[in-house]
Amino acid sequence: MVAAWKKSVPHVILLLYVAAILYPFVFVIFSSLKVSNQSIASNPWGFPFDLKFENYITTWVEAKINVYFINSFYLATSAAIIGVLLAAAMAFAITRMKFGKLSSVLTQLVLVGLLIPGNALFISQYILVKDLHILNTHWALFFPYVAGAIPTSVLLIAAFMRSIPRDLEEAAIMDGLNAVGLFFKIVFPLTVPALVTVFIINFLGNWNEFLLANFFLNKDILRTLPVGMVGFRDTYQTNYAQVCAGIVYSVLPVLIIYAILQEKIIEGLTAGSVKG
Amino acid sequence: MNDTLRNGYVYWMFVLPAVALYALFFMYPMITTTYYGFTDWNGLMPEKFVGLDNFVQALQNDMFVHAIRNNLIFILFSVFVQVPLIIFFALLISGVKRLRRFYKTTVFMPSILSTSVIGILWSFIYEPEIGLLNQFLGLFGVEPIYWLSDTKTALLSVLITNGWQWMGFYIILVLAAILSLPKELNEAAEIDGATGIQRALYITVPLIMPIISVVIMLSIAGAMRVVDIVLVMTNGGPAGETDVMASYMVLQATQTGQYGYGTAIAILIFVFALVLTGLYQLLFARKQERIEY
């Protein structure tokens with residue numbers, strides 16, 4: 001009896017913590033289906049019995065969540081794909097090709113990027129983007145996203161590529177493959193698991209990015225979801241049900257990706273830091 | 001064999017796109033940042049070299065000193081409130097067998113969400129009239145509190161949201177370290193009659209000190225960088241109460257166009273972060289002997 005009680009104490013505490021994580025989401029989903037602020041206020045905890053799905057339609061169309069969603073989606077995806085491809089090519093060159101000195105210089109150069117907090121470059125990047133006349137275009141986010149992801153991507157992919165056995169390479173070269181063929185036909189396919197992890201990390205980072213997206217674009221039709229949502233909250237502060245529907249839209253894709261790939265995401269984001 | 005992998009054209013073809021982008025959008029801004037910080041520049045007039053003036057001006061500015069204080073509060077809050085809780089929850093999760101995967105998945109969830117959406121979600125929870133928190137306190141007869149617009153509660157409210165977002169990430173880091181420890185030590189101690197709490201305090205925690213150290217370092221670095229959550233939840237308000245260094249920098253540059261001054265603050269943020277993590281390494285991390293097991 002005592003033993004059973006002792007065993008359940010950790011679960012009680014952990015479930016309380018989990019409730020503190022999950023309840024805000026439940027609250028948002030319930031609220032997003034309610035008719036008005038009044039019905040949220042009179043019944044904050046409860047299930048919305050007068051389900052108002054129109055909130056989702058109104059938010060999607062009138063609040064232009066559809067526009068923000070598409071902007072975020074294609075920007076986050078394209079920047080992550082290009083970033084992974086460039087990083088993979090560079091990682092291949094510095095780990096598998098025979099330019100030892102040069103490669104270690106380039107590795108050091110990329111390592112510096114890990115030390116610099118991205119925010120510190122905010123003003124200089126703003127000025128650069130302005131001088132290049134790409135302010136207020138999606139390029140203003142695309143390039144900094146790709147460039148900012150290069151340090152971690154190159155280092156993670158390079159670590160993975162180093163573990164590919166040399167014999168494989170030698171055999172392929174014997175069979176007449178050149179360096180380019182070696183990369184595309186042998187090394188790249190073998191590296192796919194690492195590339196997927198890096199892609200997801202970069203995608204999530206781009207999808208969630210706020211600072212640059214908020215200040216480098218001021219045309220509403222170009223805005224990404226995190227920025228669009230803040231603007232939406234500020235204008236529609238009177239209708240919390242719709243703001244909640246907006247929150248659901250912006251959280252949903254990330255949660256779906258997480259649900260499918262959570263093992264990989266956790267592994268990727270914690271890689272390298274556990275050894276202490 | 002060697003010739004194939006010593007092809008200079010291919011090497012540069014593979015390296016150049018990444019290096020060029022990185023150089024232009026990362027290294028170059030780094031260099032210009034160090035330069036602009038020493039100039040008086042508003043983006044229109046040609047810049048004028050002013051030496052350390054910007055730094056002196058910043059450190060004499062009450063608003064900025066207040067922002068530094070807030071960054072320190074972020075650091076203290078994460079080191080003395082969050083880290084103990086992180087260790088506590090990681091120990092609890094490592095101790096249970098059932099539902100472990102469920103706990104792992106759920107506690108990590110907030111860390112993958114956009115800071116700005118979390119900021120919006122929590123400003124709704126803090127909403128004075130219909131927000132979850134005041135509704136809950138109302139059950140006990142507490143009058144509505146204006147969490148984000150009252151100077152007494154604004155910073156605490158942001159701190160709690162920030163903790164809610166990031167704790168799970170660190171719990172998973174610590175948990176991974178705990179689970180990779182060899183089981184024998186704990187089992188031996190159990191046979192010797194040590195209770196669960198004793199085993200946690202005298203065996204597990206000392207063994208995972210290296211990762212705790214990493215978590216503290218990451219928390220310090222994170223607390224120096226914090227900005228999105230402040231911009232979204234309070235925009236530094238009420239009256240600069242919740243401003244942190246980075247939000248002060250962003251608002252200086254975007255609202256008053258003081259690029260030179262703003263960049264100097266970027267440099268200060270970076271220098272403070274380096275000094276703090278360096279000091280931490282020197283004072284605490286070095287002292288720990290390397291633990292072999």
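This report walks through two helix contacts, one pocket and one phenylalanine in a predicted model.

## Where the chains meet: α9(A) and α1(B)

Let's start with a contact between chains. Helix α9 of chain A covers residues 179-208, and helix α1 of chain B covers residues 8-36; their axes come within 9 Å and cross at roughly 45 degrees. An angle between 35 and 65 degrees counts as oblique, so α9(A) is oblique to α1(B).

On the α9(A) side, the contact uses A179(A), V180(A) and F183(A). Facing them from α1(B) are V10(B), M13(B) and F14(B). Sorted by class, that gives six nonpolar residues, with no polar and no charged ones.

## Within chain A: α4 and α11

Next up is a pair inside one chain. The axes of α4(A) (residues 65-96) and α11(A) (residues 225-235) come within 8 Å, crossing at roughly 155 degrees. Anything over 145 degrees counts as roughly antiparallel, which is why α4(A) gets that label relative to α11(A).

From α4(A), the residues involved are I65(A), Y68(A), F69(A) and S72(A). Their partners on α11(A) are L225(A), P226(A), G228(A) and M229(A). Here the split is six nonpolar, two polar and no charged residues.

## The second largest pocket

If you're hunting for open space, the second largest pocket has a volume of about 1,600 Å³. Its lining takes in 38 residues, and the ones nearest the centre are L91(B), G95(B), V96(B), G196(B) and R199(B).

Which elements give two or more residues to this lining? Chain A supplies α1 (2-32), while chain B supplies α3 (62-95), α7 (154-179), α8 (183-191) and α9 (196-207). The largest share, nine residues, belongs to α9(B). As for chemistry, the lining of this pocket has 21 nonpolar, eight polar and nine charged residues.

## A closer look at F215(A)

F215(A) sits in helix α10 of chain A, which runs over residues 211-216. Is this side chain's residue buried, exposed or partly exposed? Its relative accessibility is 22%, and the buried class stops at under 20% while the exposed class starts over 50%, so F215(A) counts as partly exposed.

Leaving out residues up to four places away in sequence, F215(A) touches F122(A) and Y126(A) in chain A, plus L231(B), V250(B) and T254(B) in chain B. For a sense of distance within chain A, take P10(A): it is 205 residues from F215(A) along the chain, and the two C-alpha atoms are separated by 45 Å.

How values were computed:
Residues are numbered from 1 along each chain as its sequence is written. Chains are lettered from A and ligands numbered from 1 in the order in which they are written. This is a predicted model: local features need pLDDT of at least 70, side-chain atom pairs count only at pLDDT 80 or more; totals for chains, interfaces and linings use all residues. Side-chain values use heavy atoms; hydrogens and water are left out. Axes are lines fitted to C-alpha atoms, for helices over the stretch in contact, and angles run from 0 to 180 degrees between N-to-C directions. Helices (H or I, at least four residues) and strands (E, at least two) are DSSP runs, numbered from the N terminus. Angles under 35 degrees count as roughly parallel, over 145 as roughly antiparallel, 65 to 115 as roughly perpendicular and the rest as oblique. Contact means heavy atoms within 4.5 Å. Ala, Val, Leu, Ile, Met, Phe, Trp, Tyr, Cys and Pro count as nonpolar, Asp, Glu, Lys and Arg as charged, and the others, Gly among them, as polar. On a 1 Å grid over the protein atoms alone, a cavity is a set of points where a 1.4 Å probe fits but cannot get out, and a pocket is an open set with protein on both sides within 12 Å along at least five of seven lines; lining residues have an atom within 4 Å of a point. Grid points are joined across faces, edges and corners, and a volume is the space filled by probe spheres set on the points. Buried means under 20% relative accessible area, exposed over 50%, partly exposed in between (1.4 Å probe, protein chains only).
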